[in-house]
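Please look over the sequence and the model below before reading on. The paragraphs that follow take up a helix, the aromatic rings and a sheet in turn.

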Amino acid sequence: MTLVVYSQVHKFLSSQVLSMSLLTIRLHNTLSRTKEVFTPIEPGKVSMYCCGPTVYDFAHIGNFRTFVFNDLLVRTLEYAGYEVTKVMNITDVGHLTSDADEGEDKILKKARMEKKDPFAIARFFEEAYVEDEQKLRIKPPAARPRATEWIKQQIIFVEQLIEKGFAYAVNGSVYFRTHKCGHYGKLSGNTLKDLDMGARIELNDEKEDPLDFVVWKAANENHLMQWDSPWGKGFPGWHLECSVMSTEILGERFDIHTGGEDLTFPHHECEIAQNYGCTGLENNINYWLHGRFLLLEGEKMSKSKGNFYTIRDLMEEGWKGTEIRYLLASGYYQSQFNFTRKGLEQARASIARLQEAVRVFSQIAGGNIQPSIFNIQYRERYQAALFDDINTPEALAVVFELVGEGMKRRDEGTLTEEEAAGIVQFLEQDFQAIFDVLDLEGGAIPEAINVLLQQREEARKNKDWAASDSLRDEIKALGYEVLDESGGQSLRKR
Ligand code: AMP
Ligand code: ZN
């Protein structure tokens with residue numbers, strides 16, 4: 001499209017307020033292994049549960065890839081006009097080292113090693129997690145339930161499972177009868193038959209069947225986190241916690257459940273089975289979204305392997321939370337993503353370019369922000385990318401194309417004030433709404449500087465170089481440096 005056409009249709013389009021209400025969004029549902037059109041249970045509203053951190057250590061940037069993805073999903077849904085309720089739990093008991101029924105409780109293990117109280121360990125790392133979440137500009141959830149504060153509800157849930165024949169108690173522990181849930185395995189692409197064939201000879205002779213899993217676990221006296229229950233002293237299983245907290249807070253049926261790819265099996269498979277046992281609904285959750293792993297040198301980043309970086313490690317090296325956020329957000333969540341320092345350097349350069357773009361275009365726009373054909377067209381493509389299963393790399397490609405086009409037009413001297421205002425609007429509103437890596441306060445130019453810049457522009461037109469130089473000094477004294485570029489003056493904060 002030519003420049004002439006842009007300006008001809010601009011007046012028409014700028015009068016149209018872009019309606020963002022409830023545009024079609026497609027999401028990859030692990031259950032169907034396809035991208036499905038997203039339709040919420042209640043029109044206009046989204047209920048979403050995200051498996052949260054197990055608070056026995058600092059979360060690593062692999063965990064944060066999943067948490068940033070949750071945030072991108074929330075922000076995209078909000079950007080599309082939905083009201084989103086996100087719940088993200090804190091796993092502060094019951095997550096065993098095997099991620100299944102065997103091994104030690106991760107928090108107790110840490111408490112034993114550090115000779116500390118397990119509750120103190122859990123609260124310390126929960127606080128650290130929330131601090132890191134803020135550094136990455138992840139919006140806080142509507143609720144952050146702790147498993148240890150929902151014990152009563154978990155016991156009631158287990159009682160219902162037993163009553164309905166889905167679970168049985170043995171020696172103070174309660175197990176789920178996996179074979180009672182015919183669709184067990186559907187989420188992870190397994191069938192009960194395949195799972196039976198692959199099942200190990202169980203060491204645990206309390207189980208009626210090797211595929212049964214623990215719902216409530218009996219605690220011995222060394223277990224420092226235990227509660228009274230109808231089956232004796234014990235603690236909840238990790239899968240039980242998420243089934244209970246999600247349905248208690250969001251209701252028996254809700255829209256979206258997320259987690260990293262490793263949670264598909266057994267954690268989420270077991271949640272589905274438990275929910276079925278309790279509610280009779282085959283799928284009480286409509287969309288299951290799983291983020292693929294963040295890798296370090298080709299291997300899954302994980303605490304147990306010791307090959308991980310925390311947000312704190314990277315911040316100590318001088319990286320900002322926004323740079324880490326940008327890097328994690330820049331990959332499509334359905335593909336694994338390799339973490340590198342070079343990636344962080346590129347994230348830094350990308351943010352700097354966009355920050356500079358806001359400054360340059362704001363200056364041309366004279367502080368105005370308004371839609372123009374320039375950003376409306378790009379916005380459509382940006383939305384199409386995001387609404388197609390949160391395809392952030394595609395969305396970012398559109399952002400940089402817009403900025404490149406704007407810069408080119410600025411250099412040619414053909415970028416109008418209105419068009420620049422459109423680009424600023426796109427960056428400050430559409431881009432920030434999702435990616436949120438710009439510091440906009442720093443980008444806004446004080447009015448006094450704008451006045452001096454206009455005077456200098458005038459002086460330069462009149463070839464009054466002395467006035468131009470003295471105005472440059474005045475601007476410098478106010479903390480800004482003026483650069484004379486081919487498209488005109490530009491400004492840099494000193
Ligand atoms: P955890 O604290 O172990 O309960 O894990 C919290 C979240 O991080 C879960 O959704 C995991 O699936 C996710 N996760 C763990 N390791 C990685 C990784 N390397 N990349 C992406 N997500 C991960
Ligand atoms: Zn969970």
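How many of the 16 residues of H8 are buried? In this predicted model, 13 of the 16 are buried, and helix H8 is accordingly described as mostly covered. The residue that follows H8 is Gly-280, which has a positive phi, near 80 degrees.

From H8 one can turn to the aromatic rings, of which a search of the whole structure finds 23 pairs. In the pair formed by Phe-119 and Trp-227, the ring centres lie 6.5 Å apart and the planes stand at 80 degrees, and because an angle over 60 degrees counts as edge-to-face, the pair is given that name. This pair links distant parts of the chain, since Phe-119 belongs to helix H4 (residues 118–135), while Trp-227 lies in the loop between strand E7 (213–218) and strand E8 (234–236), 108 residues apart. Trp-227 counts as buried at 19% relative accessibility, whereas Phe-119, at 27%, counts as partly exposed.

A second edge-to-face pair leads back to H8: the rings of Tyr-184 and Phe-265 have centres 6.3 Å apart and planes at 70 degrees. Here too distant parts of the chain are linked, with Tyr-184 in the loop between strand E6 (173–176) and helix H6 (192–198) and Phe-265 in helix H8 (residues 264–279), 81 residues apart. Tyr-184 is buried, with a relative accessible area of 5%, while Phe-265 counts as partly exposed at 35% relative accessibility. Both rings belong to a cluster that ring pairs build from Phe-166, Phe-176, Tyr-184, Phe-213, Phe-265 and Tyr-276. Over the ring of Phe-166 sits the charged end of Lys-180, 4.9 Å from the ring centre; in another such arrangement, the charged end of Arg-341 sits over the ring of Tyr-309, 4.6 Å from its centre.

The last part of the picture is the sheet. Four strands form an open, antiparallel sheet in the order E5-E6-E7-E8. Strand E5 (167–170) and E8 each have a single partner strand, so they stand at the edges and one side of each is left without a neighbour in the sheet. Neighbouring strands are turned against each other by 25 degrees on average, direction ignored. E5 and E6 pair over four bridges in the antiparallel sense, and the bridge partner of Ala-169 is Val-174 in E6. Helix H5 (residues 151–163) lies across E5, E6, E7 and E8 and runs at about 125 degrees to E7, whereas helix H7 (residues 238–250) packs on the sheet by touching E7 and E8, its direction making about 100 degrees with that of E7.

Terms used: Residues are numbered from 1 along each chain as its sequence is written. Chains are lettered from A and ligands numbered from 1 in the order in which they are written. This is a predicted model: local features need pLDDT of at least 70, side-chain atom pairs count only at pLDDT 80 or more; totals for chains, interfaces and linings use all residues. Side-chain values use heavy atoms; hydrogens and water are left out. Rings of Phe, Tyr and Trp (its six-membered ring) pair if their centres lie within 6.5 Å; planes under 30 degrees apart count as stacked, over 60 as edge-to-face and the rest as tilted. Helices (H or I, at least four residues) and strands (E, at least two) are DSSP runs, numbered from the N terminus. Buried means under 20% relative accessible area, exposed over 50%, partly exposed in between (1.4 Å probe, protein chains only). A charge sits over a ring if NZ of Lys or CZ of Arg is within 6 Å of the ring centre and within 35 degrees of the ring normal. Two strands pair if DSSP finds at least two bridges between them. Axes are lines fitted to C-alpha atoms, for helices over the stretch in contact, and angles run from 0 to 180 degrees between N-to-C directions. Contact means heavy atoms within 4.5 Å.
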